[in-house]
Every structure is written in C-alpha cells, then in structure tokens.
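Me: I have a model open and would like a close look at one part of it. Could you walk me through the place where the two domains meet?

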Amino acid sequence: GGSLLFQQVPMVEIDGMKMVQTRAILSYIAAKYNLYGKDLKERALIDMYVGGTEDLMGFILFFPFLSAEDKEKQRATIIQKATSRYFPVYEKVLKDHGQSFLVGNKFSWADVHLLEAILMVEEKKSDVLSGFPQLQAFKARISSIPTIKKFLEPGSQRKPVPDDKYVETVRRVLRMYFDIKAN
C-alpha cells in the first residue's frame with residue numbers, strides 16, 4: 001500500500017508518521033521521551049555506544065539460522081568479541097566516570113541498548129559478565145527500573161530466543177520473498 005518506504009519492515013506509526021528503518025524509529029522514540037541526551041555532545045556519545053552495541057548484536061543476529069557446527073564457532077566468536085572488544089569499553093566508561101548510566105548520569109537509549117546486548121550475550125554464555133563488575137552492577141540497576149523489570153518478566157512482550165518453529169517460519173517466508181522477487 002505504499003506505507004513501507006523501502007518495502008521492508010519494521011514500520012511504526014507514531015505521531016501521524018509511518019516510520020521505517022529501525023535506527024530512525026529508535027532515535028525518534030529516544031528523542032521524544034528524553035532518552036537522547038541533553039545536547040549534541042551527549043547525543044554523539046549515545047550514538048557511539050549504541051553503534052557499538054549494534055555491532056556486537058550483529059554477531060548474534062543470524063545465530064539461530066546457523067548449522068549446529070557453525071553455531072559453536074559463532075558462539076565462541078560472540079563470547080570472544082564481547083569479552084575482549086565491547087564489554088571492556090563499557091566497563092571502563094562506567095568505572096571512569098563513576099556514574100550509574102553511560103551518558104550524563106541520566107538514563108538514555110544507550111543504557112537500554114547495552115542491557116539488551118548483555119542479555120543477548122548471556123543467552124550464549126550465562127556467566128559472561130563474571131570479569132566485569134561494573135557491567136554486573138549496571139545490569140542489576142537497569143533491570144530494576146520498574147518498566148524494564150516488568151518487560152523482562154516471563155510472559156512479557158520481550159521476544160524469546162528464536163526456537164526451531166520460528167527459524168523455519170523465517171526461512172519459509174524469506175524463500176517466498178526471494179522467489180517473488182526473482183519473478
């Protein structure tokens with residue numbers, strides 16, 4: 001119907017707009033609800049931290065669709081990247097400024113994104129934060145915010161780890177999509 005600007009999802013209808021592109025949607029919501037810093041410098045820091053967590057999440061995105069052998073290799077890569085490249089950065093940021101949140105000592109989009117990245121990596125290795133005391137405390141703090149705590153409870157809207165049925169459905173839909181595009 002023309003609503004999908006680039007003919008792909010996600011699409012969110014908000015404030016009279018039909019928005020596409022995940023990053024644009026999240027940036028808009030963050031700005032609308034005052035989760036995007038107080039000035040340009042804070043926004044730049046938030047964007048850097050969100051970009052880093054997106055890079056880490058990229059290693060996890062296609063994990064459910066891998067073969068068993070490739071999953072084990074990718075799990076090792078995810079853990080290695082998280083513990084040697086990404087988590088040390090966030091650990092240092094939190095330690096160096098001694099604040100509860102990543103930017104401006106105020107809850108932001110970067111905090112939500114980092115929590116989600118932590119949870120995604122913990123799904124691959126539950127004790128991945130064992131060498132990161134600042135991140136352990138951060139996770140506990142952010143997870144105890146009432147709305148986030150509710151979101152993380154079983155039965156909430158948070159999507160579960162993809163199971164075999166989900167993986168097969170996605171594969172079937174994408175095959176159909178690519179078959180249609182080929183014709």
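Reply: Happy to help; here is a walk through the meeting of the two domains, with a short look at two backbone details afterwards. Please keep in mind that this is a predicted model.

Let's begin with the layout. The domain assignment splits the protein into domain 1 (1–33) and domain 2 (40–152). Their C-alpha centres are 24 Å apart, and the contact draws on four residues from domain 1 and six residues from domain 2.

Next comes the area. Between domain 1 and domain 2, about 380 Å² is buried, with carbon and sulfur atoms giving 59% of that. On the domain 1 side, Arg23, Leu26 and Ala30 lose the most area to domain 2, and together they make up 90% of what that side buries.

Arg23 is worth a second look, since Arg23 also forms a salt bridge with Glu54, where the closest N and O atoms are 2.9 Å apart. Across the interface of domain 1 and domain 2, two salt bridges are found, along with two residue pairs in polar contact. By character, the residues of domain 1 that touch domain 2 are two nonpolar, one polar and one charged.

Now for the backbone. Asp15, in the loop between β1 (11–14) and β2 (17–20), has a positive phi of about 50 degrees although it is not a glycine. Asp15 counts as partly exposed because its relative accessibility is 45%. Asn105 also has a positive phi, near 45 degrees, in a residue other than glycine. Asn105 sits in the loop between α3 (68–97) and α4 (109–122), and with 40% relative accessibility Asn105 counts as partly exposed.

Notes: Residues numbered from 1 in each chain as written. Predicted model: local features only at pLDDT ≥ 70, side-chain atom pairs only at ≥ 80, totals over all residues. Heavy atoms only, no water. Domains from an automatic or database assignment. Contact = heavy atoms within 4.5 Å. Buried area = accessible area lost by both parts, 1.4 Å probe. Salt bridge = Lys/Arg side-chain N within 4 Å of Asp/Glu carboxyl O. Polar contact = N/O pair within 3.5 Å; in protein donor to acceptor, adjacent residues only side chain to side chain. Nonpolar A, V, L, I, M, F, W, Y, C, P; charged D, E, K, R; others polar. Helix = DSSP H or I, 4+ residues; strand = E, 2+ residues; numbered from the N terminus. Buried < 20%, exposed > 50% of the residue type's maximum accessible area, 1.4 Å probe, protein only.
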